[in-house]
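User: Could you walk me through the aromatic rings in this one?

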Amino acid sequence: MGEVDAAAMEPMWPEGASEEYIAARIELAKAERTLRDQIEDVAAARRQVPPGLVVDDYSFAEGPADLGRPEPIRTTRLRELFGEHDTLVVYHLMFHPDDDAACPMCSLWVDGFQGVAHHLGQRTSFAVIAKAPLPKLRGWALRRGWDGLRILSSYDTTFNADLNAERPNGDQRPMISVFTAEGDRVRHFYTLPANFHDDAQRGIDLLSPVWNVLDLLPAGRGEWYAENHYAGRERRA
């Protein structure tokens with residue numbers, strides 16, 4: 001783990017800060033550096049996992065890039081989503097077919113992905129897949145302003161259940177998955193749900209800047225929870 005040399009530190013406090021404050025800030029800087037190193041160690045271990053399962057080349061329903069156009073609807077295979085890349089990141093949007101809106105937390109995460117999709121596209125392909133029927137799903141994506149994201153419906157497929165993004169009772173699970181392409185085959189590499197294996201929460205918090213910024217506040221994130229009503233951009237009627 002990296003060490004922090006207090007004498008060599010660039011100041012992270014304003015001129016005139018008390019010695020007590022500076023001492024506390026130096027100790028915090030050491031902990032923050034250790035946390036950074038732990039995150040990098042976990043990332044390195046993730047890259048070393050053995051090859052995952054070869055999965056079916058599932059078919060999804062997809063509409064035009066313009067979310068305001070309902071047609072034409074086409075069938076898109078999982079392998080096609082890779083495009084020019086050999087990796088694909090899929091966000092499993094929690095949106096039950098019977099619901100009228102997606103999970104507020106999932107919407108928050110996809111809001112963030114929408115903003116950085118053009119950066120992600122330099123390195124990997126990215127798609128959002130949900131169990132809701134395509135018209136309902138695209139209507140929600142239009143309301144949120146998810147232009148530029150590939151939005152696909154897995155309705156009438158076993159994709160969600162096979163990836164454990166759907167519980168036996170039909171409830172949807174928010175999570176993110178990574179797949180690799182090997183010729184015509186698609187292999188599962190990694191999945192990270194919103195809840196850890198022991199059901200502890202905050203499994204994918206690092207994928208959204210919202211929580212990290214709120215954790216900088218004196219009161220932290222508190223009991224704040226995302227809602228759908230304030231974040232919808234609704235740029236089209």
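Analyst: Sure, one term up front: buried means under 20% relative accessible area, exposed over 50%, and partly exposed in between (1.4 Å probe, protein chains only). This is a predicted model, where local features need pLDDT of at least 70, side-chain atom pairs count only at pLDDT 80 or more, and totals for chains, interfaces and linings use all residues. Residues are numbered from 1 along each chain as its sequence is written, and side-chain values use heavy atoms, leaving out hydrogens and water.

User: How many aromatic pairs does a search of the whole structure find?

Analyst: Rings of Phe, Tyr and Trp (its six-membered ring) pair if their centres lie within 6.5 Å; planes under 30 degrees apart count as stacked, over 60 as edge-to-face and the rest as tilted. Searching the whole structure on that basis, the count is seven.

User: Tyr91 and Phe113 form a pair, so what kind is it?

Analyst: The ring centres of Tyr91 and Phe113 are 5.6 Å apart, with 55° between the planes. That angle is neither under 30 nor over 60 degrees, so the pair counts as tilted.

User: Are Phe113 and Phe126 buried or exposed?

Analyst: Their rings also pair up, with centres 5.0 Å apart and planes at 55°. Phe113 has a relative accessible area of 7%. Both Phe113 and Phe126 come out as buried.

User: Which ring does the charged end of Arg79 sit over?

Analyst: A charge sits over a ring if NZ of Lys or CZ of Arg is within 6 Å of the ring centre and within 35 degrees of the ring normal. For Arg79, the charged end is 5.3 Å from the centre of the ring of Phe82.
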